[in-house]
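Subject: Structure for you to look at, with notes

Dear colleague,

I am passing on the structure we spoke about, together with some notes on what was found in it. Please have it open beside this message as you read.

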Amino acid sequence: MILQILSLLVNVIVMLVIVQFIISLLVMFNVVSMQNPAVSAIYSSFDMILAPLLNPIRKMMPDTGAIDLSPLVLIIGLQVLMIVIGNLAVY
């Protein structure tokens, strides 16, 4: 039961990271504008939710310029955590 709740929470976080990444790509390629109130509200909401998870990763990682790899590291870390917890739950 707890493993299922944790798995659902991890899946929601991964989906939020992916949606935030897609929105940032759309803004970067001028498909949508941050001047649009809806886009700005959605992006800032996702940023407020994900910042506590991404900021510690950003502090530990080297500066790679315009490419932010912290969402990828977060997704991989969460998947590894789920594999470890899943294997511990079996025993």
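Where is the place of Val80? Val80 sits in helix H3, and you should keep in mind from the start that this is a predicted model. With a relative accessibility of 46%, Val80 counts as partly exposed, because that class lies between the limits of 20% and 50%. If you want a pair of positions that lie far apart in space, Val80 and Ala38 are separated by 34 Å from C-alpha to C-alpha, with their positions 42 residues apart in sequence.

Another residue of helix H3 is Met82, which at 15% relative accessibility counts as buried. Although Met82 and Leu3 are 79 residues apart in sequence, their C-alpha atoms are 8.6 Å apart in space. Once its neighbours within four places in sequence are set aside, Met82 is in contact with Leu3, Leu6, Ser7 and Val10.

The first helix

Helix H1 covers residues 2–28. It has 27 residues and reaches 39 Å from its first C-alpha to its last, which is close to the 39 Å expected at 1.5 Å a residue. The buried residues of H1 are Val10, Ile13, Val14, Leu16, Val17, Gln20 and Ile23, and these buried residues pack against H2 and H3.

Which residues does Gln20 touch, not counting those up to four places away in sequence? They are Tyr43, Phe46, Asp47, Leu50 and Leu54. Gln20 itself belongs to helix H1, and it is classed as buried because its relative accessible area is 8%, under the limit of 20%.

The nonpolar core

The largest nonpolar core has 15 residues, and those with the most contacts inside it are Val10, Ile13, Val14, Val17, Leu50, Leu74 and Leu78. The elements that give two or more residues to this core are H1, helix H2 (37–60) and helix H3 (70–90), and H1 gives the most, with six residues. Val17, for its part, touches Leu50, Pro71, Leu74 and Ile75 when residues up to four places away in sequence are not counted.

The nonpolar surface patch

Turning to the surface, a nonpolar patch of about 790 Å² is made by Met15, Ile18, Phe21, Ile22, Leu26, Met28, Phe29 and Val31. Two of these residues can be followed a little further. Met15 is found in helix H1 and counts as partly exposed, at 49% relative accessibility. Phe21 also lies in helix H1 and is likewise partly exposed, with a relative accessible area of 45%; its C-alpha atom is separated by 14 Å from that of Met34, and the two residues are 13 residues apart along the chain.

The turn away from the first helix

What is the phi of Asn30, the residue that follows H1 in this account? It is near 55°, a positive value in a residue other than glycine. Most residues other than glycine have a negative phi, so the backbone at this position may be worth a look when you go through the model. The place of Asn30 is in the loop between H1 and H2, and Asn30 is exposed, because its relative accessible area of 67% is over the limit of 50%.

The salt bridge

How many salt bridges does the count come to? The count comes to one salt bridge. It is formed by Arg58 with Asp68, and the closest N and O atoms are 3.0 Å apart. The pair links distant parts of the chain, since Arg58 is in helix H2 while Asp68 is in the loop between H2 and H3, ten residues apart. As for accessibility, Arg58 is partly exposed with a relative accessible area of 33%, and Asp68 counts as partly exposed too, at 40% relative accessibility.

With best wishes

Key:
Residues are numbered from 1 along each chain as its sequence is written. This is a predicted model: local features need pLDDT of at least 70, side-chain atom pairs count only at pLDDT 80 or more; totals for chains, interfaces and linings use all residues. Side-chain values use heavy atoms; hydrogens and water are left out. Patches are made of residues with over 30% relative accessible area and no salt bridge: like charges are joined within 9 Å, nonpolar side chains (Val, Leu, Ile, Met, Phe, Trp, Tyr) within 5 Å. Accessible areas come from the Shrake-Rupley method with a 1.4 Å probe; for residues, only the protein chains shown count as cover. A salt bridge is a side-chain nitrogen of Lys or Arg within 4 Å of a carboxyl oxygen of Asp or Glu. Helices (H or I, at least four residues) and strands (E, at least two) are DSSP runs, numbered from the N terminus. Buried means under 20% relative accessible area, exposed over 50%, partly exposed in between (1.4 Å probe, protein chains only). A nonpolar core is a set of buried Ala, Val, Leu, Ile, Met, Phe, Trp, Tyr and Cys residues joined through side-chain atoms within 4.5 Å. Contact means heavy atoms within 4.5 Å. The expected span of a helix is 1.5 Å times one less than its number of residues.
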